[in-house]
Amino acid sequence: MPLQQRRRGIRAVGAGAALVGLLAGCSGAGGASSSGGGETLNVLMVNNPQMVELQKLTADNFTKETGIKVNFSVLPENDVRDKISQDFANQAGQYDVATISNFEVPFFAKNGWLHALDEYTEQDKDFDQADILPPLSDSLTAADGKLYGQPFYGESSFLMYRKDVFAAKNLTMPDKPTWQEVADLAAKVDGAEKGMRGICLRGLPGWGEVIAPLTTVVNTMGGTWFNEDWEAQLTSPEFKKATKFYVDLVREHGEAGAPQAGYAECLNNMTQGHSAMWYDATAGAGSLEAKDSPVKGKMGYVPAPVDKTDSSGWLYTWAWGMQKASKKTDSAWKFISWASSKEYEELVGEKIGWSSVPAGKRASTYANADYLKEAGAFAEVTKEAIASANPKDPGTQPRPAAGIQFVGIPDFTDLGTKVSQEISAAIAGKKSVDEALKISQALAEKVGEKQR
């Protein structure tokens, strides 16, 4: 269905008697819900490339067709998380919609900070909720069984590598590599081209930076942050083995300036030919295969490396959450449903390029011939990685909270950040892994005690 026709459909639903009752039930903080056109929405979002493109396309498409203006506030990840938590926790209502993730949804919903979206998805048949990949819908569904977010894009993690460099060195990337195989290959391709290092891995402090890939290594090597009794396990043999492996690999064959390198820096390293491999988010592949990318067509993609588990990729989504205090619920849903729709993906494909589509959320994307023509190198690997991710059982032992690259509790924001500073210091050579984990263990023990 054309975008304009779909939007007419949504307006018709918004004017219907059924939605009048629906919106009355969904309006928050005692306020009346909105009726749509002519309003201005305040949207707070992270400054990732896909969101920046959304900002560029909104006025000429969404606003033009609905009459709803959108004021965007766009911030780096660490800053946007702080601002969202502050605004939603206080129910200040400054922002109607914000980018939240499957990390925040469980406790934001439990605290009553979000509108449930089930009634909207039931009314808006064109949105096609059944097309959303089940792992993402599940991750955005809270303990009460209600849906509290719609994914803008979804991702897992995988290994990206330079096929041309491997061919020149007569090396073969296994279809499902182990971490030891990756370490061996990193040693062989280190220096394959002038200024090229074997692999890029995040070393930048931040629970969403170095902790994300490191925790997947911990999981597959048999470790966990906490056992099922909330006893901290950061000095266990398995956690130590994984952390030492990660730190040694980065120090011996990783990127220059690794303690300051996060997702953005590794993406730049890979794009500029400074790394032969990169283990990170599947969302990075779209940028590597963009029209102006120097490495477009040179990349290969395989599942996240493993050790003791069959798979180890993470599951993450930047999704739209509607603040409970918002009084513009109808307009907010129109924006959310537009930004997460099939039609928006088609708009990006036509205007910017199909490899830049905010994918990883809809089954139909992976049956779209236009998308597969440009993203075929990584599309199926991405889809399988998302499907195989299991946040409730990602390792070799039971654990007390869901999460693959994080522990799904509010305290993890602070704990993960403090531990990440210790790990980054070990990567910088300022302390040993044992010293870093001893301090981290003490921090985690305090968090574990609070959870019991």
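## A tour of two domains and their contacts

Across the interface of domain 1 and domain 2 in this predicted model, the rule finds 0 salt bridges. To see what is there instead, colour the two domains separately, selecting 40-155 together with 315-386 as domain 1, and 157-314 together with 391-451 as domain 2. With both on screen, place a marker at the C-alpha centre of each domain, and the two centres will be found 26 Å apart.

Next, select the residues that meet across the boundary: 19 residues of domain 1 are in contact with 27 residues of domain 2. Between them the domains bury about 1900 Å², of which 64% is on carbon and sulfur atoms. On the domain 1 side, show Phe-103, Glu-155 and Leu-315 as sticks, since these supply 33% of the area that domain 1 buries against domain 2, more than any other three residues.

Although none of the salt bridges crosses that interface, the structure as a whole holds 16 of them. For one of these, select Asp-280 and Arg-202, whose closest N and O atoms are 2.5 Å apart. Asp-280 belongs to strand S6 (residues 277-281), whereas Arg-202 sits in the loop between helix H9 (179-189) and helix H10 (211-220), so the salt bridge ties together parts that are 78 residues apart in sequence.

For the last stop, select helix H3 (residues 49-66) and helix H15 (residues 342-351), and turn the view until both axes can be followed; they come within 11 Å and cross at roughly 100 degrees. Because angles of 65 to 115 degrees count as roughly perpendicular, H3 is roughly perpendicular to H15. Which residues make the contact between the two helices? From H3, show Gln-50, Glu-53, Leu-54, Leu-57 and Asn-61, and from H15 add Tyr-344, Leu-347, Val-348 and Lys-351. Coloured by character, the residues of this contact of H3 with H15 divide into 5 nonpolar, 2 polar and 2 charged.

Technical notes:
Residues are numbered from 1 along each chain as its sequence is written. This is a predicted model: local features need pLDDT of at least 70, side-chain atom pairs count only at pLDDT 80 or more; totals for chains, interfaces and linings use all residues. Side-chain values use heavy atoms; hydrogens and water are left out. Axes are lines fitted to C-alpha atoms, for helices over the stretch in contact, and angles run from 0 to 180 degrees between N-to-C directions. Helices (H or I, at least four residues) and strands (E, at least two) are DSSP runs, numbered from the N terminus. Angles under 35 degrees count as roughly parallel, over 145 as roughly antiparallel, 65 to 115 as roughly perpendicular and the rest as oblique. Contact means heavy atoms within 4.5 Å. Ala, Val, Leu, Ile, Met, Phe, Trp, Tyr, Cys and Pro count as nonpolar, Asp, Glu, Lys and Arg as charged, and the others, Gly among them, as polar. Domain bounds come from an automatic or database domain assignment. Buried area is the accessible area (1.4 Å probe) that two parts lose on being put together, summed over both. A salt bridge is a side-chain nitrogen of Lys or Arg within 4 Å of a carboxyl oxygen of Asp or Glu.
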